[in-house]
Amino acid sequence: MVYSAMARVVSRLPKRAAAGAPTREPFAARLHFVPRTLRRPHAWLVRVLRGYFERAPGWVILTTRGRRTGLPREVLLPCERSADAIIVISTYHWRSDWIRNLRKDPRASVTCAGWTLPARAEIVEDPAAKRAIISEHPFFPAAPFVLVHAILRTILRPLLVLWMRRWVAPRPMVILRREREG
């Protein structure tokens with residue numbers, strides 16, 4: 001009886017990440033109530049400025065399938081685009097609904113650069129892999145604007161890479177790759 005109660009408690013504990021990976025949530029995860037509170041204004045903003053965000057550099061509209069309802073769910077995210085993938089980082093750790101949805105079903109749809117394409121998500125949890133990816137493709141998720149990126153990618157690039165390598169370690173990183181149809 002005591003063993004079965006202990007087994008139930010242990011089964012509810014979060015699974016440990018890869019060896020050496022940080023297990024503590026970043027402070028921003030505790031602030032997840034802010035975007036939840038602003039969900040409706042966010043949806044309105046995306047709807048009103050959709051034409052801009054569909055083409056804007058540094059942004060992606062990610063459509064996932066709701067893990068409970070199965071309905072399409074859209075979220076606007078800052079991103080980095082490379083030739084073969086789109087990189088996004090979950091600021092709110094595992095508390096973000098979009099990351100939970102992708103964890104259950106990695107199929108998604110991305111709208112960026114005027115295109116809407118099917119994609120498959122790969123969640124990267126290994127800190128060394130995340131650091132390598134961010135060193136190759138640094139971006140500033142807090143303000144993905146062309147002018148800010150131009151300064152950060154040239155003059156301040158060493159500082160950006162140093163900061164991003166540290167910032168990305170406790171957060172899940174998602175690599176979205178185009179899924180071939182058929």
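Strands β1 and β2 pair in the antiparallel sense, with seven bridges between them. In this predicted model, the two strands make a hairpin with six residues in between, and glycine 70, which sits in the turn, has a positive phi of about 80 degrees. Two of the pairings can be picked out by residue: tryptophan 59 stands opposite proline 78 in β2, and isoleucine 61 has leucine 76 as its bridge partner in β2. On its other pairing, β1 (residues 59-65) is joined by three bridges to β5 (residues 107-112), again running antiparallel. Here isoleucine 61 turns up once more, opposite threonine 111 in β5, while threonine 63 stands opposite serine 109. β1 is mostly covered, with six of its seven residues buried.

Zooming out, the chain holds eight helices and seven strands. The strands line up in an open sheet in the order β2-β1-β5-β6-β7-β4-β3, and the pairing is antiparallel. The edges are taken by β2 (72-78) and β3 (80-81); each has a single partner strand, so one side of each is left without a neighbour in the sheet. As general background, strands of a sheet pair through backbone hydrogen bonds, in either a parallel or an antiparallel way.

Helix α5 (residues 97-104) packs on this sheet, where it touches β1, β2, β4 (86-89), β5, β6 (115-124) and β7 (173-178). The direction of α5 makes about 55 degrees with that of β1. Which residues of α5 are buried? They are Trp98, Ile99, Asn101 and Leu102. Seen down the axis of α5, these buried residues fall within an arc of 160 degrees, so they line one face of the helix. Their cover includes β1, β2, β4, β5, β6 and β7. On the other side of α5, Arg103 and Lys104 are exposed.

The nonpolar residues tell a related story. The largest nonpolar core has 18 residues, and those touching the most other members are Val60, Leu62, Ile86, Val88, Trp98, Val174 and Leu176. At least two residues of this core come from each of β1, β2, β4, α5, β5, β6 and β7. There is also a second, separate core of 13 residues, with Leu152, Leu160, Met164 and Ile175 among them. In soluble globular proteins, nonpolar side chains tend to be buried together. Leucine 62 shows what such a core position looks like in detail: leaving out residues up to four places away in sequence, leucine 62 touches Arg73, Glu74, Val75, Leu77, Trp98, Leu102, Ala108, Ser109, Val110 and Leu176.

Helix α6 (residues 127-136) has its own buried set, made up of Pro127, Lys130 and Ile134. Viewed down the axis of α6, these residues fall within an arc of 60 degrees, so they line one face of the helix. An α-helix has 3.6 residues a turn, so residues three or four places apart point the same way. The buried residues of α6 pack against β4, β6, α8 (157-168) and β7.

One residue that ties into this region is methionine 173, found in strand β7. Is methionine 173 buried or exposed? Its relative accessibility is 0%, and because buried means under 20%, methionine 173 counts as buried. Apart from neighbours within four places in sequence, the contacts of methionine 173 are Ile87, Val88, Ile89, Glu122, Ile123, Val124, Lys130, Ile133, Ile134 and Val168. Methionine 173 and alanine 121 are 52 residues apart along the chain, and their C-alpha atoms are separated by 9.9 Å.

A few totals round off the picture. Of the 182 residues of the chain, 36% count as buried. Among contacts with a separation of 6 or more, 66% involve residues 24 or more positions apart. The accessible surface of the chain comes to about 11500 Å², and 61% of that belongs to carbon and sulfur atoms.

Conventions:
Residues numbered from 1 in each chain as written. Predicted model: local features only at pLDDT ≥ 70, side-chain atom pairs only at ≥ 80, totals over all residues. Heavy atoms only, no water. Pairing = 2+ DSSP bridges. Helix = DSSP H or I, 4+ residues; strand = E, 2+ residues; numbered from the N terminus. Contact = heavy atoms within 4.5 Å. Axes fitted to C-alpha atoms, helices over the stretch in contact; angles between N-to-C directions. Buried < 20%, exposed > 50% of the residue type's maximum accessible area, 1.4 Å probe, protein only. Arc of directions from axis to C-beta. Core = buried A, V, L, I, M, F, W, Y, C linked by side-chain atoms within 4.5 Å. Areas by Shrake-Rupley, 256 points an atom, 1.4 Å probe, with all protein chains shown as cover.
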